[in-house]
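Dear colleague,

I am handing over the structure below, and I would be glad if you could look through it before reading the notes that follow it.

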Amino acid sequence: MTIDFALAKPLDRSGSTCDAYECVVQRRRVFVKRLKAEYRHNPLYRAAFDKEYDLGVSLSHPSLPRYVGFGGDYIVMDFIEGDTLADLIKRDDPRLKNRKFVRRLLLELVDVVDYLHRRNIVHCDIKADNVIISPYDDRPATLIDLDKAYTSWLDSTHGSTQKYGCDSCADGAIDFRGIGKIASQFGQEKVARVCEMDDVSVKSIKQALSHGNRNALYLSGAAMLILGLVLSLWHFKGDNNDTEPSVGIESTDAELAVLPDSSGIDVTEDSILAQLPDSLAEKRAESHVAKSGIDYSWLGSLVASNMSRFNAERDRIYNLMNSDTVAKATVDKALFNYINEMNKTCYAIFDTAEVRFPDVSIDKVRNAVADTKEYNTWVKTNKALYNRYDAYSDSIERIYTIDAEWAGELIASKANLLQPDMDRLYRMLESDTISVKSVYNASNELRDKYLDIKRSIYKEAKERHPHIRPGKVEYQIDGNQEWMALTKKVVALNRAVKDYGQKHSNR
């Protein structure tokens with residue numbers, strides 16, 4: 001892709017080694033990152049620049065820019081509208097005071113880091129300057145700048161992390177620490193502490209971002225349903241179509257559909273009373289009344305009267321799942337609305353109980369609500385619904401999953417077409433007498449053929465699975481083991497070409 005820099009618009013996103021531009025190419029708005037003049041002929045910076053493109057062009061994620069062109073000293077990407085997180089912090093953007101927005105942002109960073117790590121890539125430079133926030137609520141945050149990233153794809157061995165911008169980052173901990181520093185700027189100290197732990201993981205950070213206290217119990221049933229929705233909707237990302245319309249919900253929004261922090265007491269199981277036989281539970285409740293002054297009978301009636309109105313909607317959701325003609329999006333939307341209404345009802349129950357017992361602490365009142373037999377009956381009833389939804393989602397997911405065996409055979413056959421070109425390029429490198437220009441030309445031809453093969457695989461997979469959204473088809477192809485193995489071979493060969501070029505640059 002050729003860029004006319006005389007017509008390109010300079011941007012203020014320039015860094016220490018690169019200039020940034022916005023321009024339109026073939027009626028397409030793109031972002032161009034170009035090495036500054038003093039670095040364009042420096043082999044070290046050129047190698048890092050090449051590496052960034054090699055990594056970027058192989059990735060596909062909503063929170064990563066799409067790499068669409070390479071011009072030697074510049075990289076072309078889809079234009080990401082918005083401001084960096086650092087800019088928002090400087091001007092004290094009101095969105096950063098919204099806890100839901102902040103948690104959604106952090107979860108999006110955790111998700112994209114998880115995506116990179118599963119592909120053996122460590123970003124190594126996660127900071128507010130490298131996160132772009134879209135002005136639109138339906139767009140996730142975008143993580144940019146892969147120039148310092150580390151991956152073992154680029155060498156035949158595991159390589160050295162030092163040469164890729166960090167001293168000890170091969171395990172990915174450096175990315176989590178970057179997220180922790182961002183979390184600390186927004187007062188998320190619990191998340192920041194987890195990110196600094198030696199055994200930090202995606203799961204532990206997400207747990208820290210959820211409300212890890214007694215409130216998790218208040219809506220434990222809803223949380224199970226939310227998890228099912230999140231997992232299901234994650235697999236259905238991509239362009240909308242008529243057979244599988246989007247619900248319009250982000251996973252991070254769903255995970256945050258719980259109550260605010262209060263007591264700080266960690267409870268991971270169902271209510272203690274719920275685990276006891278009914279007779280013992282009633283005696284335990286009577287003991288609570290004597291000690292706390294809270295009338296459990298009144299609380300039970302309050303919960304029962306409020307929750308009974310959900311029975312009809314729950315039955316309707318069962319009927320939707322049992323129907324062969326209802327789209328999954330309709331079921332998802334019904335469940336999401338169900339969760340929202342349960343949240344509102346729980347707020348109302350807690351508020352009413354707190355007014356009834358003004359001399360009892362809020363934490364004790366809320367704990368008492370969660371300990372009622374009626375509340376736990378409601379939770380158990382919902383669990384049956386959630387289990388049914390899990391089974392329903394699994395059956396739908398199988399329908400919208402491409403034939404992995406067929407895809408593997410297709411990719412393997414396409415890889416065989418590329419193998420002679422790869423062997424020829426390796427022979428050129430081994431001869432040690434071929435001109436750098438000839439090697440680069442052969443490498444560019446190989447890259448073009450590789451991209452053509454990728455497009456042809458996408459096309460055949462979409463034609464074979466017309467009922468699956470194109471975006472999901474591409475996502476599954478990208479995650480196929482055969483395709484990842486081929487990509488690693490191509491990237492490793494490209495690294496060998498770069499090394500050859502550096503070694504014989506004077507030839």
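A cavity, as the word is used here, is a set of grid points where a 1.4 Å probe fits but cannot get out, and its volume is the space filled by probe spheres set on those points. Please keep in mind throughout that this is a predicted model.

With that meaning of the word, there are three cavities of 30 Å³ or more, and the largest cavity holds about 180 Å³ of space. Of the 14 residues that line the largest cavity, those closest to its centre are Asp-54, Arg-447, Tyr-450, Val-490 and Asn-494. At least two residues of this lining are supplied by each of helix H1 (43-56), helix H17 (436-464) and helix H19 (481-503). Sorted by class, the lining of the largest cavity consists of eight nonpolar, four polar and two charged residues.

A second place to look at is Leu-106, which sits in helix H3 and is buried, with a relative accessible area of 0%. Which residues is Leu-106 in contact with, once its neighbours within four places in sequence are left aside? They are Ile-179, Ile-182, Ala-183, Gln-188 and Leu-209. One of these, Ile-179, is 73 residues away from Leu-106 in sequence, while the distance between the two in space, C-alpha to C-alpha, is 7.2 Å.

Two residues also deserve a note on their backbone angles. Most residues other than glycine have a negative phi. Asp-92, although it is not a glycine, has a positive phi of about 55°, and this residue is found in the loop between helix H2 (85-90) and helix H3 (99-118). Cys-124 is likewise not a glycine and has a positive phi, of about 75°; its place is in the loop between strand S7 (121-122) and strand S8 (131-133).

Cys-124 leads on to the cysteines. Cys-124 is buried, because its relative accessible area of 8% is under the 20% that marks the limit for that word. Cys-346 is buried as well, with a relative accessible area of 2%. As for disulfides, a pair of cysteine sulfur atoms has to lie within 2.5 Å to be counted as one, and by this rule the count in the model comes to zero.

With kind regards

Notes:
Residues are numbered from 1 along each chain as its sequence is written. This is a predicted model: local features need pLDDT of at least 70, side-chain atom pairs count only at pLDDT 80 or more; totals for chains, interfaces and linings use all residues. Side-chain values use heavy atoms; hydrogens and water are left out. Buried means under 20% relative accessible area, exposed over 50%, partly exposed in between (1.4 Å probe, protein chains only). Helices (H or I, at least four residues) and strands (E, at least two) are DSSP runs, numbered from the N terminus. On a 1 Å grid over the protein atoms alone, a cavity is a set of points where a 1.4 Å probe fits but cannot get out, and a pocket is an open set with protein on both sides within 12 Å along at least five of seven lines; lining residues have an atom within 4 Å of a point. Ala, Val, Leu, Ile, Met, Phe, Trp, Tyr, Cys and Pro count as nonpolar, Asp, Glu, Lys and Arg as charged, and the others, Gly among them, as polar. Contact means heavy atoms within 4.5 Å.
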